[in-house]
Amino acid sequence: MPIDPVCHNTVEPRRAAAFCDYKGIVYYFCSSGCHKTFTANIRQYTGAVNATSARTRENRVRDGEISMLDTREI
Ligand SMILES: [Zn+2]
């Protein structure tokens, strides 16, 4: 069952109040408020999701999330 990235509640997709397709990943939300919070801080939330799925820096560069020239640790 998908997890609302904002409040971390599980959300049944057909009962979700809102959803967002971001870079090929669909996020589901329990309420429109969570959806609003997500879209206002999208990098923060998608960054957290990427960290938990243990994607490599190379994958993130390839997907255009970060630049090869970006030397910050994310
Ligand atoms: Zn929520």
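Two strands count as paired when DSSP finds at least two bridges between them. With that in hand, here's a look at this predicted model, starting with its hairpin.

**The hairpin**

Strand β1 (residues 18-22) runs antiparallel to strand β2 (residues 25-29), and five bridges join them. One bridge to pick out: A18 has F29 of β2 as its partner. Two residues sit between the strands of this hairpin, and K23 takes a positive phi there, near 55 degrees.

**The overall layout**

Zooming out, the protein has two strands and three helices, and reading from the N terminus the order is β-β-α-α-α. Of its 74 residues, 14% count as buried. As for contacts between residues at least 6 apart in sequence, 28% of them link residues at least 24 apart.

**How far to trust it**

The mean pLDDT of the protein is 84, with 82% of the residues at 70 or more. Confidence isn't even along the chain, though: helix α1 has the highest mean and helix α2 the lowest.

| Helix | Residues | Mean pLDDT |
|---|---|---|
| α1 | residues 32-40 | 96 |
| α2 | residues 42-52 | 69 |

Where pLDDT is low, the predicted coordinates shouldn't be read in detail. With a mean of 69, α2 has the lowest confidence in the protein, and the rest of this report stays with other parts of the model.

**Helix α1 and its two sides**

Which residues of α1 are buried? They are C34, H35 and F38. These three cover an arc of only 100 degrees around the axis, so they end up on the same side of α1. That fits the usual helix geometry: with 3.6 residues a turn, residues three or four places apart point the same way. On the face turned away from the buried side, α1 carries S32 and A40, both exposed.

**The nonpolar core**

Two of those buried α1 residues, C34 and F38, turn up again in the largest nonpolar core. This core has seven residues in all, and its other members are V11, Y27, Y28, F29 and C30. Both β2 and α1 supply at least two residues each, but β2 gives the most, with three. So F29, the bridge partner of A18, is also part of the core. As a general matter, nonpolar side chains in soluble globular proteins tend to be buried together.

C30 deserves a second look as well. Leaving aside residues up to four places away in sequence, C30 touches D4, C7, N9, V11 and A17. Among them, V11 is a fellow member of the core.

How values were computed. Residues are numbered from 1 along each chain as its sequence is written. This is a predicted model: local features need pLDDT of at least 70, side-chain atom pairs count only at pLDDT 80 or more; totals for chains, interfaces and linings use all residues. Helices (H or I, at least four residues) and strands (E, at least two) are DSSP runs, numbered from the N terminus. A residue is buried if 20 or more other C-beta atoms lie within 10 Å of its own, exposed if 12 or fewer, and partly exposed in between; C-beta atoms are placed from the backbone. Two residues are in contact if their C-beta atoms, placed from the backbone, lie within 7 Å. pLDDT is the predictor's confidence in each residue, from 0 to 100. The arc is that of the directions from the helix axis to the C-beta atoms. A nonpolar core is a set of buried Ala, Val, Leu, Ile, Met, Phe, Trp, Tyr and Cys residues joined through C-beta atoms within 7 Å.
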